[in-house]
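User: I am new to this structure and would like a close look at a single part of it. Please take me through that part in one connected answer.

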Amino acid sequence: MKIIVDMMGGDNAPLAVLEGAAAAVKEYGVQLIGVGDEAIVRKTAADNNISLDGIELVNCTEVIEMCDEPARAIRTKKDSSIVVGLNMLKEGKGDAFVSAGSTGALHVGASLIVRTLRGIKRPALATMVPAKNKAYLLLDCGANVECRPEMLNAFGTMGSVYAEKVMGREMLAAFAVMGSCYVNKVEGRTSPSVALANNGAEESKGTPMLKEAHQLLKTIPGIRFVGNIEPRDVPNGDVDVVVCDGFTGNVILKLTEGVAKMLLGMLKGMFLKNLGGKLAYLLLKDSVSDLKHQMDSEEYGGAPFLGAKQPVIKAHGSSKAKGIKNAIRQAKICVENDLCGTMQAALDELNTTKE
């Protein structure tokens, strides 16, 4: 297995990417192909005593910046790490692509270069989000800012398929923080619950687009649509899949990360406030450590572009070494579980049932 890694993507590239890549080679035994400015990558590795064993480097002369217009960048920066990496994936030179670079450029590149599965027009960025009862799958969380009802309908199908056919299998063991309760058992089979993020639980709530999407989701054969879910109920983790447009999903994701960071900071301040707090911390140290671990977004690695023909994993733009390492782990698991093949087969089955 070979995983292609964008060495120039992210706020902390290339150092954090190199550190995470080296750790992934050592821990997971994967072979990596690093695409980026080879001179800079080699110098960074040498300056920081990072081994390049197991990492093949492919030189690129351009970088797609976060401020670049995605479609134009994909068209004009042909020798960028993202374009070169995605073309290598398409040509079969690697089994998956991982990048912490521009979400927009990755989305356009996944659509135009890697292409999409049959029946899917636009890939959706899907990520696991920690919650009270269990982690849930959120899509779209940033790729498609504006969506049509039929797009949300497709996201519901892909999210359900991913949760049932992929996350419900061996991947659960690898994502221990998600817990074995990720899916529910209904009528003797694994059946993830799917909800539409809205400003009210009632069917009549929301914009015209959301109302139409609600009606479409109700009619999809093979998925268990449970209706609308309000933002205040999302953190409970009562449903397996939350469907929304990319703008709403990105707000939910970043607000969750911000609130988690704030609460953990407040908790730390409370424990350090006086002697009583310090003594209480000693008693609760393991529980606090488990909570911090569960709420750490870097533990989840990256977010796959569901609907792409081959695995494309988006790591958080601010990822450090641990986030990159776990994104590579996620890419490895997606390849091992044949994410794209399983997704296409399940989509074909749903389409056949629908006809």
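In which sense, parallel or antiparallel, do S5 and strand S12 (residues 302-306) pair?

Analyst: The model is a predicted one, and in it S5 and S12 pair in the antiparallel sense, over 2 bridges. Within this pairing, alanine 124 of S5 stands opposite leucine 306 in S12. S5 also pairs with strand S6 (residues 136-139), to which it is joined by 4 bridges, again with the strands running antiparallel. Here valine 129 stands opposite tyrosine 136 in S6, and the chain passes from S5 to S6 through a hairpin of 6 residues.

As for its surroundings, strand S5 spans residues 124-129, and because 6 of its 6 residues are buried, that is, under 20% relative accessible area, the strand is largely enclosed by the rest of the structure. This holds for both faces, since Ala124, Ala126 and Met128 are buried on one side, while Leu125, Thr127 and Val129 are buried on the other.

One residue that touches this strand is phenylalanine 155, whose contacts, leaving aside its neighbours within four places in sequence, include Ala124 and Leu139, as well as Arg122, Asn144 and Val243. Both Phe155 and Leu139 are listed, together with Leu32, Ile328 and Met343, as the residues with the most contacts inside the largest nonpolar core, which has 59 residues. The largest share of this core, 8 residues, comes from helix H6 (residues 149-166). Apart from it there is a second, separate core of 39 residues, with Ile4, Phe97, Ala110 and Val239 among them.

Technical notes
Residues are numbered from 1 along each chain as its sequence is written. This is a predicted model: local features need pLDDT of at least 70, side-chain atom pairs count only at pLDDT 80 or more; totals for chains, interfaces and linings use all residues. Side-chain values use heavy atoms; hydrogens and water are left out. Buried means under 20% relative accessible area, exposed over 50%, partly exposed in between (1.4 Å probe, protein chains only). Two strands pair if DSSP finds at least two bridges between them. A nonpolar core is a set of buried Ala, Val, Leu, Ile, Met, Phe, Trp, Tyr and Cys residues joined through side-chain atoms within 4.5 Å. Contact means heavy atoms within 4.5 Å.
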